Amino acid sequence: MSDQHNFETLAIHAGNTADPLTGAVVPPIYQVSTYKQDGVGGLRGGYEYSRSANPTRTALEDNLAALEGGRRGLAFASGLAAEDCLLRTLLTPGDHVVIPNDAYGGTFRLFAKVVSRWGVEFSVADTSDPAAVRAAITPRTKAVWVETPSNPLLGITDIAAVAQVAREAGARLVVDNTFASPYLQQPLSLGADVVVHSTTKYMGGHSDVVGGALITDDAALAEELAYHQNAMGAVAGPFDAWLVLRGIKTLAVRMDRHTENATKIADLLTRHPKVTQVLYPGLPEHPGHEVAAKQMRAFGGMVSFRVAGGEEAAVQVCNRAKLFTLGESLGGVESLVEHPGRMTHASAAGSPLEVPADLVRISVGIESADDLIADLTQALG
């Protein structure tokens, strides 16, 4: 499959070669642990053991690489498994990482409670300000970590600008592209070294699979990551890989609808008397709007807002929602609502990444926008 095709075509066809035996247009689920070898050391098609490689996972990894414009993709058991593999590949004890002041709580927990025990230090910076990133870098900095849009405050980082800062310091730039998906944003083309995804979210798109991915255009780094992936073993199973590959086929059309609905809801929220602030990069008043418009195709399906009345009022909005399902995660066809301070970002409490107590985060699905607006209106009271 040529990488010159448009995104929608690549999403459906990259990695999805017809089965040579039957002509099946969907790659089979190779639910197998080991493979018959053609003599000692003679691997048939390069497969020996499914931790090392599996044909269904290979199909997904080829697809991921094509969509992000990378040389190689690697599929993992979860987004955090992908992050763990990346950090242990890039870093050694004594190294330093710059992380954002707004990030997924699980990512912060990985740095603060796991990687730090291994002797890796980190500093927190506002990555929307390249000067702040530069100021946080030390001679031991090996990586700069970015989420854009960020979770849950929907902050925007200028990827190209921060890539330049990282490059000048001899550090790798890692971009978590989960909120945008490769349909809306391709960080490698803007100077990132590695892209991270929780494929559980928009890539899978149906809240029925957990997975993660790393994509890079650096051949040497790709080999190091693949070595560590095999050595550590947190790989995507064949059925999980198949589910993500299936979900990706409709990624473009789903993201268009997610964005359309989120835009309408953000507009409603800006006019609601019980909402004190709306965080959505598609709004002209958002501080990162111009950068987002420059580096994204559209603004995505995630919206956060702050509620008059404080924490209890925000919790009640979550509890009163009916069509918006109260639950963690995001990126599925169904709409979700959550209270980050008590749910996805509880691990960041008391840290520089602590989120406002009056914050509500919604993952806007692909239902009727009118129905979603009616539900939010009644939930706000």
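**Close-up views of the chain**

**View 1. S207 sits in the loop between β6 (194-198) and β7 (212-216).** Helices and strands here are DSSP runs, numbered from the N terminus: H or I over at least four residues for a helix, E over at least two for a strand. This is a predicted model, so local features need a pLDDT of at least 70 and side-chain atom pairs count only at pLDDT 80 or more, while totals for chains, interfaces and linings use all residues. Residues are numbered from 1 along each chain as its sequence is written, and side-chain values use heavy atoms, with hydrogens and water left out. Back to the loop: S207 isn't a glycine, yet its phi is positive, at about 55 degrees. Most residues other than glycine have a negative phi. S207 counts as partly exposed because its relative accessibility is 47%; the cut-offs are under 20% relative accessible area for buried, over 50% for exposed, and partly exposed in between (1.4 Å probe, protein chains only).

**View 2. The loop between β4 (141-147) and α6 (159-168) holds P149, along with P152 and L154.** There are a few things to look at here. The peptide bond going from T148 into P149 is cis, with omega near -10 degrees. A second cis bond runs from N151 to P152, with omega near 15 degrees. Most peptide bonds are trans. Then comes L154, which has a positive phi of about 55 degrees although it is not a glycine. L154 has a relative accessibility of 1%, so it counts as buried.

**View 3. Helix α2 takes in residues 55-68.** Its end C-alpha atoms are 20 Å apart, which agrees with the 20 Å that 14 residues should span at 1.5 Å a residue. (The expected span is 1.5 Å times one less than the number of residues in the helix.) Eleven of the 14 residues of α2 are buried, so the rest of the structure largely encloses this helix. The buried set includes the charged residues R57, E61 and E68, and also P55, T56, A59, L60, N63, L64, A65 and L67. When you follow a helix round, remember that an α-helix has 3.6 residues a turn, so residues three or four places apart point the same way.

**View 4. L225 belongs to helix α8 (residues 219-232).** L225 is buried, because its relative accessibility is just 1%. Leaving out neighbours within four places in sequence, L225 is in contact (heavy atoms within 4.5 Å) with L74, C85, L86, T89, L214 and T216. L87 is 138 residues from L225 in sequence, but their C-alpha atoms are 9.7 Å apart.

**View 5. A292 is part of helix α11 (residues 289-295).** With a relative accessible area of 0%, A292 is buried. Its contacts, not counting residues up to four places away in sequence, are I156, P281 and F299. From A292 to G79 it is 213 residues along the chain and 23 Å between C-alpha atoms.

**View 6. Q277 lies in strand β8 (residues 275-279).** Is Q277 buried or partly exposed? It is partly exposed, with a relative accessible area of 35%. Not counting residues up to four places away in sequence, Q277 touches S304, F305 and R306. R297 is 20 residues from Q277 in sequence, and the C-alpha atoms of the pair are 24 Å apart.

**View 7. Zooming back out, the protein chain has 13 helices and twelve strands.** For 381 residues, a compact globule would have a radius of gyration near 21 Å, and the chain's 21 Å agrees; this is taken over C-alpha atoms, and the globule rule is 2.2 Å times the number of residues to the power 0.38. Along the principal axes, the C-alpha atoms fill a box of roughly 70 × 50 × 35 Å. Buried residues make up 54% of the 381. If you look at contacts between residues at least 6 apart in sequence, 72% join residues at least 24 apart. The chain carries 30 positive and 42 negative side chains, and the centres of the two sets are 3 Å apart. Lys and Arg count as positive, Asp and Glu as negative, with His and the chain ends not counted.

How values were computed: The place of a charge is taken as NZ of Lys, CZ of Arg, CG of Asp or CD of Glu.
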